[in-house]
Amino acid sequence: PAARSRPGAWGGSSSSAMQANGAGGGQQQPPPPQGPAVPELGCLGAQNGEASSGSAAGEQLAHANGLLPSASAANSSGGGSSPGGLSVNNGVPAAGGPGSAAAELGGGGGSALKKKKRLSQSDEDVIRLIGQHLHGLGLNQTVDLLMQESGCRLEHPSATKFRNHVMEGEWDKAENDLNELKPLVHSPHAIVRMKFLLLQQKYLEYLEDGKVLEALQVLRCELTPLKYNTERIHVLSGYLMCSHAEDLRAKAEWEGKGTASRSKLLDKLQTYLPPSVMLPPRRLQNLLRQAVELQRDRCLYHNTKLDNSLDSVSLLIDHVCSRKQFPCYTQQILTEHCNEVWFCKFSNDGTKLATGSKDTTVIIWQVDPDTHQLKLLKTLEGHAYGVSYIAWSPDDNYLVACGPDDCSELWLWNVQTGELRTKMSQSHEDSLTSVAWNPDGKRFVTGGQRGQFYQCDLDGNLLDSWEGVRVQCLWCLSDGKTVLASDTHQRIRGYNFEDLTDRNIVQEDHPIMSFTISKNGRLALLNVATQGVHLWDLQDRVLVRKYQGVTQGFYTIHSCFGGHNEDFIASGSEDHKVYIWHKRSELPIAELTGHTRTVNCVSWNPQIPSMMASASDDGTVRIWGPAPFIDNQDIEGKTTSMYIGKLM
């Protein structure tokens, strides 16, 4: 009789049993610490996927990476066919023939293992996904074994035939396959669409081969009678005029006859079939890619270029970005200004930074592309009232500087030469405190709270004016026509200088001190007096989010979008800090300290996502970047960071 085995051990009375992965033991003795068990009769060795034959005839063990198939054990719960042999499926041994002991995890007698537990739907789905992926890698024998042992089916047999006939270009057979698939397709119109796609490929391949009459026959007698997508049929008929194959491929935007175009066709066809019949293409890769993207989206500090390739990440660990990689640490303190610094702005190409101060100067700083250190490039002097706002031209060749409320002048500088191109003043009673460039780089708009609102050329000539608008802040949209202006009525309105129309876009309950627009023109970031930083959707005209933490009174503080894909928001504050939020989170992810007075403006480098600048009433400009550190690998392989300095 078979001996009852101990829980967690394999036992046998007349033949030895070997456990996969190198652990095994006899009936009465505890298993040795490592290595295969010493055989009593026949030797069944299996290590690292290699099977060794025993001395007793008829004993056999097949082992492949923990998957041990046998003819009788695969896809069944019965015993092995070889007397004294041991068959193992996924690490679970099947009962041997006469003379072998029953072996069950946790003990228990009987001549056979309990029946396999029925796979859940999710388990079957996973097996099919793995099978599809392995099939794509060319491991077809492994796929066959997996499907055989699991009892699953990778896809419906009719779908397999259909796939093969499409890839081989056997279009008549593929059409016949569609009739078999028809009962399995949910939508009655899907078969017509699938047939249209098949015939379109057939038509194009005939044309490429120079078989014009056959192609014409397909067009007239097969495609047209479908009465589907007649516009596309007209386009297809035009390809009859193509003089050669290259012309056809170019006009049809088609890869040509062969595996590439047929694979694309199959991808389209699969969208009409239920996943129970044929899996969507590359389903496992798509699921993994979605998981990686979701982890990146949820990562508060993810600030690197998005790479959709799975090869760029490890699937073995969760995606986590460290705060140490984020621009939270002072890299440099610029002290060349001798009074309050009211504004700072990186150029569009990220190579320069302009800072404006109460000390009447604008300083242009050069950004070193390698060290990310800044050095003084030019000092632009003569702004008698100080500089409270700066705007770079789209090509970064020019820079416009404005002053505070009582300033009626505007300076247009040539950045390359450092020369003043235009000093504009319409009237001494004007207030020109804000400016925005038209996307064409040939015009700009300017205005102030005393009711001035002008559009000018590069020589300061007045092109248009809008009467009675008390402007607080300006922005030109990418359409080249619409100018957004915040005014003293706590709103942002859109003004069109071409047809002289205006419309309300944003309405707040408190004064809008400043605002900026995202690159795609969809979002507006407002600094609202006594309220803080608000995010608005300009298209839907709704308030999306109110960001917490910042101290905002009636000072003009300028916030900004930043980071890769503009996923982050940064703002100065009257409590001497810089606050950073993830766009989707109301709570700050970083509070940067170091300034000793109000932080008036923050600018994120548009080309270097790890660089940010802040300007303060303490007379300094701080450049923020990742933490400087050295990686040390400890004995467990984990990465530790040793800080080598932090400016304060």
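Start by selecting residues 190-208 and 230-238: these are helices α5 and α7 (DSSP runs of H or I, at least four residues, numbered from the N terminus), which pack at an angle of about 10° with their axes 11 Å apart. The axes are lines fitted to C-alpha atoms over the stretch in contact, and angles run from 0 to 180 degrees between N-to-C directions. Angles under 35 degrees count as roughly parallel, so α5 and α7 are roughly parallel to each other.

Before moving on, note that this is a predicted model, where local features need pLDDT of at least 70, side-chain atom pairs need 80 or more, and totals for chains, interfaces and linings use all residues. Residues are numbered from 1 along each chain as its sequence is written, and side-chain values use heavy atoms, without hydrogens or water.

Now show side chains. F196, Q200, Y203 and L204 in α5 meet R232, I233, L236 and S237 in α7, contact being heavy atoms within 4.5 Å.

Next, the sheet. Four strands (DSSP runs of E, at least two residues) make an open sheet, ordered β5-β32-β31-β30, with antiparallel pairing; strands pair if DSSP finds at least two bridges between them. Which strands stand at the edges? Pick β5 (329-334) and β30 (599-604): each has a single partner strand, so one side of each lacks a neighbour in the sheet. From one strand to the next, the twist averages 25°.

Zoom in on β31 (residues 612-616) and β32 (residues 621-625), antiparallel and joined by 4 bridges. Here S614 stands opposite R622 in β32.

Last stop: residues 380-411, with 0% helix, 38% strand and end C-alpha atoms 10 Å apart.

Notes
Parallel < 35°, antiparallel > 145°, perpendicular 65-115°, else oblique.
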